[in-house]
Amino acid sequence: MKNVTPIKIYIILCAIFLPSLVFGQKWVADTLVVSFGKSAIPNCTFSIGKVFDSRSGSPDFLSIFEHKKWLYFPVDQVVVVPSPLAGEFSQKFIAGSDSVPLYGVNVARFVINKKDTNRNRNLSLLATLEVYNVSNTGDSVFFGTFYYEQILKQKKKEMLSLGYVQIIDDWARRFVSDIVSVDAGLTALNPDNFYHFRRGERSVNKNLYASVEMFYGFNFYGLDAELWFSEPEASQIFQRNSGAFRFVNYVNSQSVALGRQVGRWNYRFSNNWLFTNKVMLLLGLNRWKDHKQVAHKFEEIFLFDASMSQQINYNKLDKTGFVFGVGLVEDLHYVIHRKINFNVGLSFNCAYKF
Amino acid sequence: MLDFRLIAHINFSMSRVVIVILSMCISLSVFGQRYSVSGIISDAQTGETLVGASVLLKDSQLKGTTSNENGFFTLAGILTSNVEIAVSFVGYESQLRSIDFVDGNKVFIEIKLHPSKVLLSEINVVEEGGDKLGDREIEISRHSLSPKVIQSIPTARNDVFKAIRYLPGVESTEPMSPLVSVRGSDPGENLIMLDGVTIYNPYHFISSSGIFNMQTIKNVELLIGGFGAEYGGRNSSVMNISTKDGDNSALHGEIQPTTSESKIFMEFPIGKKSTMMVAGRLNYDIMGNMMLDSRSYFYDMNLSYTYRSNPRNTFSLKYFGSGDRTKLSFNTLYRYLGNSVGMSDVFNDMNIEWRNRWNNYIVTGIWKSVLAPDFFMRAQVYGSLHNADNFSALDFNIEGMGFNSSTQFKSKVRDWSAKLSFDYKPLYWNELNFGAEFSKYYFYNGSAVNKVDAGSSDRSPYLAVAYAEDKIKLGAMQFRPGVRVTYYNNQDLSIEPRLNLTINLPKNLKVQAAWGKYAQYIVSMNTQEFEFNQLLDYYYPLINREPGLSYHYIVGAEKKILRDQTLSIDLYYKDIARTYTFDMLQSQYETFALSEKIIEGRGRSYGVELLWKGSYKLLSGWLGYTYSRSTRSFPHILNGQEYDYDYERRHSIKAAINFQATPRIAYSASFIAQSGVPRSMETTYQTHYVYDPLTGNMLHSMQYVNGLKNNVRMPWLFYLDLGLQKKLVGGFGREIAEFFGANESYLTVNVYNVLFFRRNILYYYPMGYDLFFPISDNYLPVVAAGYTIKF
């Protein structure tokens, strides 16, 4: 009891818990109400009639994220629109005249995620909308599904609510343009611009991938186990992130490593074939097979690894099932006190897309 | 087997007991029959029985009771033929039931309580305070821990044995050991039961944790002294852990995958009358595997099948299994470290190895039946098996001379038992509990030294027990006399009387007292002198020796100070009339081969425990202080003088606090400050000289010599751990939960050893004359994160 007395301990405990007693009630989750865009889109060449919100949860829900109070304490920030989203949808698109086509919308997904970097924040709007043509007699005919994946970069000093308003407006303008273009049959002229529209097809949910990728090189072999979610594809080129666990067997060591933000850049050739370039940074541990013969040092337990792989995958668009791929893997790994090692090998991928 | 002479002896000795029981029964009948209602209280959604739910006769606040560990209650002595009862339980919506005694004077009902929609201000991890009526008021020195309470203690998340160390009177024996000492007793004097089955050494080696998966636990009841006649065979405390039977509405469960441990728990209905619970845990030591070249893991699994043939009869079949495989070799790491600091020569010829194989298996069948509305029966048969095999080796070379030593200790326990208990409550103010048990044991202990067999022995004693106790309420006073009679392996009968007393005084003040005699035939002895860290109890059945014996004297008071807070004080004195330890003059090989060379001694322990628990706004938890003394005396130690016992911690301050900041986010903290334990510290050393005829040199080696037994006291220990539990609202964790249709997913983050800047010293290693090297366990704070999916 030389350094810390019970009194000091008591003070530390009080310092931790007293603020919670005093300010406890204010820690309840904050709610941010944002308008559904700056204003209605005037003079639309169509109007939205019935809107059905098939999302689970609160009808006014737009987003939820966590932010830190006093730099440490996590608090839930819920973002909502002033009234149920279905109503906001109807009011957003104002027709220029009464004799315009009438559409119905089923909102299968509409969420705006927020991700902060050091200086900026990224807002990403993810929406899946099923659209119906509504006839004069009130009958509705299924038209198709739109998938949106829109990103807005915003400076951190800018007001967050303005970012939400802006990204909704950006999306709304694009939606108007899409409806008009698709209705006019422009998809055939420039199909790449309408990659996010599936005519006559019902909406699909995001997929969960459970993947095992095996790789073999001249003097190494191993496997990556990965798990990630993939939103429905809204453009021909799209990026996804996964988390990965890697096991590698080298000539004189075995390693396990973890990578958190594995970047996957994808390009779809056709409805069945997808090209993927994967980039991963891993941190791991080595088990030296030759530790009885070679005087390894403690620092040599740690592994730093950078790896890339390029694969052609048999991966059906909007369909669940098995995914198979083949390609190349390049592996750059570093162990303290040793030279940087570079290996190239063949990779084979087998995944299930739920 | 019983012979004629013994039966005659039983009859003679039992006569007094029979008279006592008969007088109790006669007293029940004298006052005649009135109306009584009994029933089973369960969760309306899951069908799980609720322990400790309150049942009150409306308009008569004096008449009430609580459900027992089987969810059963009886409210007798009702005067009118039409009454209304109020049933309540923390976290559930209260229920009013009207009862008409039209078809007779006894009614059996089923009560299903619906979980309440909890308001933020009502979230409270501490059990309901002193406003409970009924039998549980009699229990002095009783603590009840729900899984919610245990999970709110950062250090103890998911481990019963770590959680109970935050209760007054319960102290850790050694920092790296899961064993606990209760009120100055030996860890082997604690009776640990899982669903009524005695379990031996229920611990895992890695992480020094208990083998019980928290996801399967319904309730933990801990009696740290003065317990009733229902329990016996151990002198210090009783821990009764009850597990879930399974959800009868739909599939529910939890998944917890982490990098070091994965758990799964599922409960579901099978048809209309059966439920099942399945749970498993696997701990894998990836870091140890990579850094120590080890192959270590442990697992445990639970399986429970329950069949409810009708509301009055329930049959359960439960299985529990656990195993530890540990292979730790420190050579690799030592060599790596040696190479890093340029001392490769020192470590290259050294080998420290540790190999353990532990197993526990339990199988039990339980039949619970309401034979009559006021007559409850519980019948159980079980087998409890335990194996332990501990091997450790130290090999090194110095200047061409090799030192190789290894020890191996093996232990086996087989416990086959049958239990029958009855609960009869014909009157409101009187309830009779009685029962019988029979156990057949097999114990094996053996050792090997330097891989040479050093002997072993096995024994197969049996034990028969009968007990009875009467709970009597007289106005504000409730008392419970009881007696436990034990017949062990052809030895004399042991009669153990017990008495509990509670007096309810005005102004929410309650005074309690308990007295009892406790005998223990299956003992385990303190191996602290032999082992660096005692991780297991080695059980010895006493043969042709008097049982270990202790007397408990406890008085206490409890006062409800605010709406949700209680303050309690317990004073205890434990007269340890007979206890055993090893003969220090024999070799440890003889010791572990179940040698007869054990020495009888005595001891005592006494102390005071203060506990303040409850909730205030968003805060809930408890704060406790304990002052305790514990001594022993043996003829061969200090010439029979009393000395401070190895596990005595004189002062102990403990707190566990939970702060429910929002419905989704809870912060928690646990704190312990406790004085150190006494230790026999080396105070001098002798130098031994050996002449080497080959070189003509004199070789010398030093041997450190202990002073008096427990001559020094270790420094105070301080622990502060912080925790956070957050219901996930976004991110990968939430998405995975949503994908599988799970209701909730949680993130838990714990920060251990916040007070790292003040190093806790656990051992001192002698480095030379008057020079000791302090050894700690954690030098830096440790952050651990976990993830749970609940469906």
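## Two domains in chain B

In this predicted model, the C-alpha centres of domain 1 and domain 2 of chain B sit 33 Å apart. Domain 1 of chain B covers 31-117, and domain 2 of chain B runs over 135-677. Where the two touch, domain 1 of chain B puts in 26 residues and domain 2 of chain B puts in 27 residues.

Which strands make up the domain 1 side of that contact? At least two residues each come from β1 (35-43), β3 (64-66), β4 (72-78) and β7 (106-113) of chain B. The largest share belongs to β4(B), with five residues. As for chemistry, this side of domain 1 of chain B splits into 13 polar, eight nonpolar and five charged residues.

## Nonpolar cores

Now for the inside. The largest nonpolar core holds 87 residues. The ones with the most contacts inside this core are B:I150, B:V160, B:A163, B:I164, B:L222 and B:Y467. Strand β37 of chain B (residues 665-674) gives the core its largest share, seven residues.

Take B:L222 as a way in. Setting aside neighbours within four places in sequence, B:L222 is in contact with B:H143, B:L145, B:I164, B:L167, B:S237 and B:M239. One of these partners, B:I164, is itself listed among the residues with the most contacts inside the core.

Apart from the 87-residue core lies another one, of 31 residues. Its members include A:V51, A:F110, A:A172 and A:F175. As a general backdrop, nonpolar side chains tend to be buried together in soluble globular proteins.

## Chain A at a glance

Chain A is built with 18 strands and three helices. It has 354 residues, and 27% of them count as buried.

How much of the contact map in chain A comes from residues 24 or more positions apart? Counting contacts with a separation of 6 or more, such pairs account for 63%.

## How far to trust it

For the complex, the predictor gives a pTM of 0.79 and an ipTM of 0.73. Chain B has a mean pLDDT of 82, with 85% of its residues at 70 or more.

Which elements of chain B mark the two ends of the confidence range? Helix α1 (residues 4-30) of chain B has the lowest mean pLDDT, 47, while strand β12 (residues 197-198) of chain B has the highest, 96. Over residues 1-12 of chain B the pLDDT is below 50, and this stretch makes five contacts in the model beyond near neighbours in sequence. Residues 128-138 of chain B also stay under 50. For that second stretch, the model has 37 contacts beyond four places in sequence.

Key:
Residues numbered from 1 in each chain as written. Chains lettered and ligands numbered in written order. Predicted model: local features only at pLDDT ≥ 70, side-chain atom pairs only at ≥ 80, totals over all residues. Domains from an automatic or database assignment. Contact = placed C-beta atoms within 7 Å. Helix = DSSP H or I, 4+ residues; strand = E, 2+ residues; numbered from the N terminus. Nonpolar A, V, L, I, M, F, W, Y, C, P; charged D, E, K, R; others polar. Core = buried A, V, L, I, M, F, W, Y, C linked by C-beta atoms within 7 Å. Buried ≥ 20, exposed ≤ 12 C-beta atoms within 10 Å, placed from the backbone. pLDDT = per-residue confidence, 0-100.
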